[in-house]
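Hello,

Here is the structure I promised to hand over. My notes on what turned up follow right after it.

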Amino acid sequence: MTIEDGRRILAGRAKALSIVLLLFVVADLALSVITALGLLDQAATDPMAARIAIAAGLAQFGCLVASAVTTSMWLYRANDNLRQTGATLTYGPNGAWAWYLVPVANLFKPFQAMQEIWDASLGASSEAASNGQALLRLWWGCWIGGNILATLAQRLEDVNHAVATVLGFGATASLAGSAWFLYRIVGEITEAQQARETAAVFA
């Protein structure tokens, strides 16, 4: 595969990931609303509530899986493109996404891998790379925070429904924020790698 092919594939994967991230936010919000309305509690006795709850749950899970797959595919290609241009990276194409699957390490390794891709794509010493640190921290902070809130909401559902509902909406808002920041990160990295191709053509 040529570098030009790799960058073209990266652009296509970035578009697919953007769509999946939007669908994930919509599905996650819908499930939070359904939970707040108590439809999950009614599912045992109300067939219509059960169908709505099952549909929402499947949609949210499907979008979560799709976002994980498309993010992994984008990370692999973004990392491999940089390696083909001679960049020296600590994390390999597989390591850029596989650390999400490793307990404890998944709290910081994926962030480091993304930061490395960002710096190598935009130039580690550039103003854009420096300004991007805040964007990267917001993305990862929202991701970790959203997952913590979602776990707490799930555990408190049978203890205090009102508190669980508030935490659930907080989790949804935080994960939506993470998706938005990831959308921006993916866009800027993809654009930076495409710009390298243009610069090489006119050099």
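Helices here are DSSP runs of H or I with at least four residues, and strands are E runs of at least two, numbered from the N terminus. Please keep in mind that this is a predicted model: local features need pLDDT of at least 70, side-chain atom pairs count only at pLDDT 80 or more, and totals for chains, interfaces and linings use all residues. Residues are numbered from 1 along each chain as its sequence is written, and side-chain values use heavy atoms, with hydrogens and water left out.

Let me begin with α3. It has 38 residues and reaches 55 Å from its first C-alpha to its last, close to the 56 Å expected at 1.5 Å a residue; the expected span is 1.5 Å times one less than the number of residues. Just after α3, glycine 86 takes a positive phi of about 100°. Glycine 38, which follows α1, also has a positive phi, near 80°, and glycine 123, following α5, has a positive phi near 95°.

α3 also holds valine 69. This valine counts as partly exposed because its relative accessibility is 43% (buried is under 20%, exposed over 50%, partly exposed in between, with a 1.4 Å probe and protein chains only). Together with Phe61, Leu64, Val65 and Met73, Val69 makes a nonpolar surface patch of about 420 Å². Such patches join nonpolar side chains (Val, Leu, Ile, Met, Phe, Trp, Tyr) within 5 Å and like charges within 9 Å, using residues with over 30% relative accessible area and no salt bridge, that is, no side-chain nitrogen of Lys or Arg within 4 Å of a carboxyl oxygen of Asp or Glu. Areas come from the Shrake-Rupley method with a 1.4 Å probe.

Now the inside. The largest nonpolar core (buried Ala, Val, Leu, Ile, Met, Phe, Trp, Tyr and Cys joined through side-chain atoms within 4.5 Å) has 30 residues, and Trp74, Met114, Trp139, Ile185 and Ile189 have the most contacts inside it. Two or more residues come from each of α1, α3, α5, α6 and α7.

α5 is mostly covered, with 10 of its 14 residues buried, among them Met114. Leaving aside residues up to four places away in sequence, Met114 touches Trp74, Leu75, Leu136, Trp139, Leu182, Ile185 and Ile189 (contact means heavy atoms within 4.5 Å).

Finally, serine 174 sits in helix α7, residues 161-202. It counts as buried because its relative accessibility is 13%. With the same sequence neighbours left out, serine 174 touches Cys142, Gly145 and Gly146.

Best wishes
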